[in-house]
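Please open the structure in your viewer and keep the sequence panel visible. The tour below proposes one selection after another and states what is found at each stop.

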Amino acid sequence: MDAIKATEYARALYSAHGDKAEAEAAQKMRACQEAGKDSEAADWKAVRQAVRAMRGPNQT
């Protein structure tokens, strides 16, 4: 998955799930890893990173 596609998925996921979008992407990534779908897991990792970048830094 290219960076543009990952960003599009991340934006849609963030719109649907808000602050829980990163956790949702991580859960899907783990499920793919456990199922042996390494390519899909890498895609979800890219989506997770894009969500994290969209959210910005954590506030303390």
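Begin by selecting Glu22, which counts as buried at 8% relative accessibility; buried means under 20% relative accessible area, exposed over 50%, and partly exposed in between, with a 1.4 Å probe and protein chains only. The model is a predicted one, in which local features need pLDDT of at least 70 and side-chain atom pairs count only at pLDDT 80 or more, while totals for chains, interfaces and linings use all residues. Residues are numbered from 1 along each chain as its sequence is written, and side-chain values use heavy atoms, with hydrogens and water left out.

**Stop 1: the surroundings of Glu22**

Glu22 is found in helix H2. Helices (H or I, at least four residues) and strands (E, at least two) are DSSP runs, numbered from the N terminus. Which residues is Glu22 in contact with, leaving aside its neighbours within four places in sequence? They are Arg48, Val51, Arg52 and Arg55, where contact means heavy atoms within 4.5 Å. Please also select Ala10, twelve residues from Glu22 along the chain: the C-alpha atoms of the two are separated by 8.6 Å.

**Stop 2: the salt bridges**

Display the side chains of Glu22 and Arg48, which form a salt bridge whose closest N and O atoms are 3.6 Å apart. A salt bridge is a side-chain nitrogen of Lys or Arg within 4 Å of a carboxyl oxygen of Asp or Glu. Glu22 lies in helix H2 (residues 21-34) and Arg48 in helix H3 (residues 38-55), so this pair ties together parts that are 26 residues apart in sequence. Arg48 counts as partly exposed, at 27% relative accessibility.

Add Arg52 to the selection. Its side chain meets that of Glu22 in a salt bridge of 2.5 Å, N to O. Because Arg52 lies in helix H3 and Glu22 in helix H2, the pair ties together parts that are 30 residues apart in sequence. Arg52 is partly exposed, with a relative accessible area of 47%.

Next, select Arg55, which forms a salt bridge with Glu22, the closest N and O atoms being 2.6 Å apart. This pair links distant parts of the chain, with Arg55 in helix H3 and Glu22 in helix H2, 33 residues apart. Arg55 counts as partly exposed at 30% relative accessibility. Salt bridges that share partners join Glu22, Arg48, Arg52 and Arg55 into one network. By the rule stated above, the count comes to four salt bridges.

**Stop 3: helix H2**

Now select the whole of H2, which has 14 residues. From its first C-alpha to its last it reaches 20 Å, close to the 20 Å expected at 1.5 Å a residue; the expected span is 1.5 Å times one less than the number of residues. Colour its buried residues, which are Ala21, Glu22, Ala25, Ala26, Met29 and Cys32. Seen down the axis of H2, they fall within an arc of 135°, so they line one face of the helix; the arc is that of the directions from the helix axis to the C-beta atoms. An α-helix has 3.6 residues a turn, so residues three or four places apart point the same way.

What do the buried residues of H2 pack against? They pack against helix H1 (3-17) and H3. Within H2, select Ala25: leaving aside its neighbours within four places in sequence, Ala25 is in contact with Leu13, Trp44, Val47 and Arg48. H2 is followed by Gly36, whose phi is positive, near 80°.

**Stop 4: the nonpolar core**

Select Ala6, Ala10, Leu13, Ala21, Ala25, Met29, Cys32, Ala41, Trp44, Val47, Ala50 and Val51, the twelve residues of the largest nonpolar core. Such a core is a set of buried Ala, Val, Leu, Ile, Met, Phe, Trp, Tyr and Cys residues joined through side-chain atoms within 4.5 Å. The elements that give two or more residues to this core are H1, H2 and H3. H3 contributes the largest share, five residues.

**Stop 5: the whole chain**

Finally, show the entire chain, whose secondary structure comes to three helices and zero strands. Its C-alpha atoms fill a box of roughly 35 × 25 × 20 Å, taken along the principal axes. Buried residues make up 23% of the 60 residues in the chain.
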